[in-house]
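Colleague: I have some questions about the terms you use for this model. Take me through the reasoning, please.

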Amino acid sequence: MGRVGALAVLALAVWLPAQAQAYSARVSVGSPLAVRPVAPNFLGLALEYNTIPKWAGATPQSVNPVFATLLHNLDPDGHPVIRVGGQSTDRSWWPVRGIPQPLGVTYNLWPGWTAAAQSLAQATGARLLLGINLEANRTRISQVEANQLVSRIGASHIAALEIGNEPDLYPLMPWYRTLHGRPIPWYSRDGSPIYSRPLSYSPQNYAQEFTRTRRVLPHVPLAGPETGQGPWMSMFAGFVGRGSQVRMLTSHVYGLNQCITDPRSPQYPSVPNLLSIVNSRDVIPGIGPYIARVHRFGGSYRIDEMGSISCNGRAGVSDTLASGLWAMDTLFAIASAGIDGVNLHTYPNSDNGLFDLTRGPAGWEATVHPLYYGALMFEQAAPAGSRLLRVGAGNQSRLRAWATRGPDHRVRVLLINDSLGAAARATVRLAGRHGPAGLERLRAASAYATGGVTLGGESFGPTTTTGVLPAPTPLTAAAHGGAYTVTLPAGSAALLTISPA
């Protein structure tokens, strides 16, 4: 047997436990879907305001090279979009002379912050989505913050300003708390909650506040409404039109809900629930008309905050390989809906995070988490300019399958075995003649693993000082009878890259 044949056998046999009973799945790949090609800046990051100086580097002249490389890996051909905001949107401000610091604000912006953000954008080619404080309910505060950010960072580095964050939660999530008559941060477990808006606060009220605020902001693109709730999205979509300053619609996606405590709920944070198909394929219901509207007027729709579990994640679930498997399926579902991009939410010491960065005496180093491996495999499966292809694979309750055709004319087929107990034997068939396929695997000891993840047989290791994943171990799968057969252990994924004949 020649080298290619030996590698093919190895590729098909590796990591299939001898005692496991594999289930079979047939996958057929067809014509392109009627959706936009994958955008060059499809995959980006969502950061909090206080993350910028921690990770980009406090010295603007020396941007953290490991962070820059990890970002570049997810968007090697484009200009990545970095969303800065989240909860910190309405908890940050640029101090305004004559106005006391709002009681809900816990973070001050300053010239060193904007210098670091500008340097990060320049070094990576990124464009920033910047959240502007609305919850303080002072137009002057929003105006000063926006003017300072735009003038100091530069409009050319800003994709859009986002006025407020999740306004539907203003009456439901504390603005701050009080303890013994003194204000304390909103996230404290003590004290009495104080809300910035009454329970009667409505999408119409938000629209009025948005309208007042946008009149005093710099003339740069605007985005919103930072929530996928139907009435709020419907109201905000009305701001989109010919010549409108609103150029982007944004909403958030999470697979499971940390606030749910009943283990019987399908939204309860657990690995089996995270790998349920409804929690990756049905995360964006009812937004088709809004995507169509913003596209009709030349704008874009972006999931500017995405994570596996809301409210900071859940250890043992969102920090496992399962989160990487969930992310790949969810990202493809989002792309197939015609959405223009996704920003994965990450910040220091988050159970939802992609990586953590620290600076020691020898320089910067990163700890890369399982979610990042999944995001990186998605980027390899759907490079910029790819067209999504039709896939037939039954109900896909256990084996998920996606396919693309890239600008290089190669067909890439991503297979995800979301079964926690059974290996899969997938037979992939394409129309026409095709050559040998490269094969790459994403795997760990199990879907519950928080470490020991490899992609293409390689790992970033316990830490990386470069952010570069070593070149994958080459494996090849040959077609037999016009089909490729791939075995996948429980809780793993494989990527076939098929060249034209």
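Colleague: Why are α4 and α5 called oblique to each other?

Modeller: This is a predicted model. In it, the axes of α4 (residues 111-124) and α5 (residues 139-153) cross at roughly 45°. Roughly parallel needs an angle under 35 degrees, and roughly perpendicular starts at 65. The crossing falls into neither class, so α4 and α5 are oblique.

Colleague: Which hand does the crossing of α4 and α5 have?

Modeller: The crossing is right-handed. The two axes come within 9 Å.

Colleague: What makes the contact between them?

Modeller: On α4, Pro111, Trp113, Thr114, Ala117 and Gln118 take part. On α5, the residues are Gln148, Leu149, Arg152 and Ile153. By class, that contact has 5 nonpolar residues, 3 polar and 1 charged.

Colleague: Now the backbone. What is notable about phi of Glu166?

Modeller: Phi of Glu166 is near 45°, a positive value, and the residue is not glycine. Glu166 sits in the loop between β7 (158-163) and β8 (176-179).

Colleague: Is Glu166 buried or exposed, and how do you know?

Modeller: Its relative accessibility is 17%. Buried means under 20%. Glu166 therefore counts as buried.

Colleague: What about phi of His180?

Modeller: Phi of His180 is positive too, near 55°, again in a residue other than glycine. His180 lies in the loop between β8 and β9 (182-184).

Colleague: Is His180 buried or exposed, and why?

Modeller: The cut-off for exposed is over 50%. His180 has 76% relative accessibility, so it counts as exposed.

Colleague: β8 and β9 flank that loop. How do you know that they pair?

Modeller: Pairing takes at least two bridges. β8 and β9 are joined by 3, so they pair. The two strands run antiparallel. Within β9, Ile184 is the bridge partner of Arg177.

Colleague: What is the strand order in the open sheet?

Modeller: The order is β9-β8-β10, with antiparallel pairing in this sheet of 3 strands.

Colleague: What makes β9 and β10 edge strands?

Modeller: β9 and β10 (192-194) each pair on one side only. Neighbouring strands of the sheet are turned by 40° against each other on average, with direction ignored.

Colleague: One last point. Which form does the peptide bond from Gly224 to Pro225 take?

Modeller: That bond is cis, with omega near 5°. Pro225 belongs to strand β11 (residues 222-225).

Note on methods: Residues numbered from 1 in each chain as written. Predicted model: local features only at pLDDT ≥ 70, side-chain atom pairs only at ≥ 80, totals over all residues. Heavy atoms only, no water. Axes fitted to C-alpha atoms, helices over the stretch in contact; angles between N-to-C directions. Helix = DSSP H or I, 4+ residues; strand = E, 2+ residues; numbered from the N terminus. Parallel < 35°, antiparallel > 145°, perpendicular 65-115°, else oblique. Left-handed = near helix turned anticlockwise from the far one by under 90°. Contact = heavy atoms within 4.5 Å. Nonpolar A, V, L, I, M, F, W, Y, C, P; charged D, E, K, R; others polar. Buried < 20%, exposed > 50% of the residue type's maximum accessible area, 1.4 Å probe, protein only.
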